[in-house]
Amino acid sequence: NYSVKEISFELGKEGFTAVAVHPGVVATDMGKGIEYLKEIKPEVAELFKDVSVLAPEESAKALLQNVVFKLNKESNGKFIDYEGKELTF
């Protein structure tokens, strides 16, 4: 995130837009691991009850529709999730 912020400062002046994106929990080995943990550990299931695991195609489609095709100068330096929401810390 810090690197994207730095790049956004440097290249934003030249018209570039740099963003960090969160693809969601994707059904890779790690994403499937969350589903497995939800099955075997009730306390983990509670923590992740509102988290859905996306197929890679779903994540990519959402990133294109909700983030990539909507980027503009105001997006520069932001961290955006696959639904197009800005994530702040």
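Which residues line the largest pocket? In this predicted model, the lining of the largest pocket is made up of Asn1, Val4, Lys5, Ala20, Gly77, Lys78, Phe79, Glu86, Leu87, Thr88 and Phe89. Two elements, α1 (2–12) and β5 (86–87), each give two or more residues to this lining. The space in the largest pocket comes to about 180 Å³, and its lining residues divide into five nonpolar, three polar and three charged.

A second region of interest is helix α4, which spans residues 56–66 and contains Ser59. The buried residues of α4 are Ser59, Ala62 and Leu63. Because these residues cover an arc of only 100 degrees around the axis, they are placed on the same side of α4. Glu57 and Lys61, by contrast, are exposed on the other side of the helix. The buried residues of α4 are covered by elements that include β1 (20–22), β2 (25–26) and β3.

Within this helix, the surroundings of Ser59 can be described further. With a relative accessibility of 4%, Ser59 falls under the 20% limit for a buried residue and is therefore counted as buried. When residues up to four places away in sequence are left aside, Ser59 touches Pro23, Val26 and Leu54. Pro23 is also the partner in a polar contact, since the side chain of Ser59 reaches the backbone oxygen of Pro23 at a computed 2.8 Å.Val51 offers a further point of description, as a residue of a loop. Val51 is placed between α3 (42–47) and β3 (53–54), in the loop that joins these two elements. The relative accessibility of Val51 is 27%, a value between the 20% limit for buried residues and the 50% limit for exposed ones, so Val51 counts as partly exposed. Apart from residues up to four places away in sequence, the residues that Val51 touches are Val25 and Lys38. Val25 belongs to the range of β2 (25–26), one of the strands included in the cover over the buried residues of α4. From Val51 to Tyr2, the separation is 49 residues in sequence, and in space their C-alpha atoms are 26 Å apart.

Note on methods. Residues are numbered from 1 along each chain as its sequence is written. This is a predicted model: local features need pLDDT of at least 70, side-chain atom pairs count only at pLDDT 80 or more; totals for chains, interfaces and linings use all residues. Side-chain values use heavy atoms; hydrogens and water are left out. Helices (H or I, at least four residues) and strands (E, at least two) are DSSP runs, numbered from the N terminus. Buried means under 20% relative accessible area, exposed over 50%, partly exposed in between (1.4 Å probe, protein chains only). Contact means heavy atoms within 4.5 Å. A polar contact is a pair of N or O atoms within 3.5 Å; within protein, one must be able to donate a hydrogen and the other to accept it, and residues adjacent in sequence count only if both atoms are side-chain atoms. On a 1 Å grid over the protein atoms alone, a cavity is a set of points where a 1.4 Å probe fits but cannot get out, and a pocket is an open set with protein on both sides within 12 Å along at least five of seven lines; lining residues have an atom within 4 Å of a point. Grid points are joined across faces, edges and corners, and a volume is the space filled by probe spheres set on the points. Ala, Val, Leu, Ile, Met, Phe, Trp, Tyr, Cys and Pro count as nonpolar, Asp, Glu, Lys and Arg as charged, and the others, Gly among them, as polar. The arc is that of the directions from the helix axis to the C-beta atoms.
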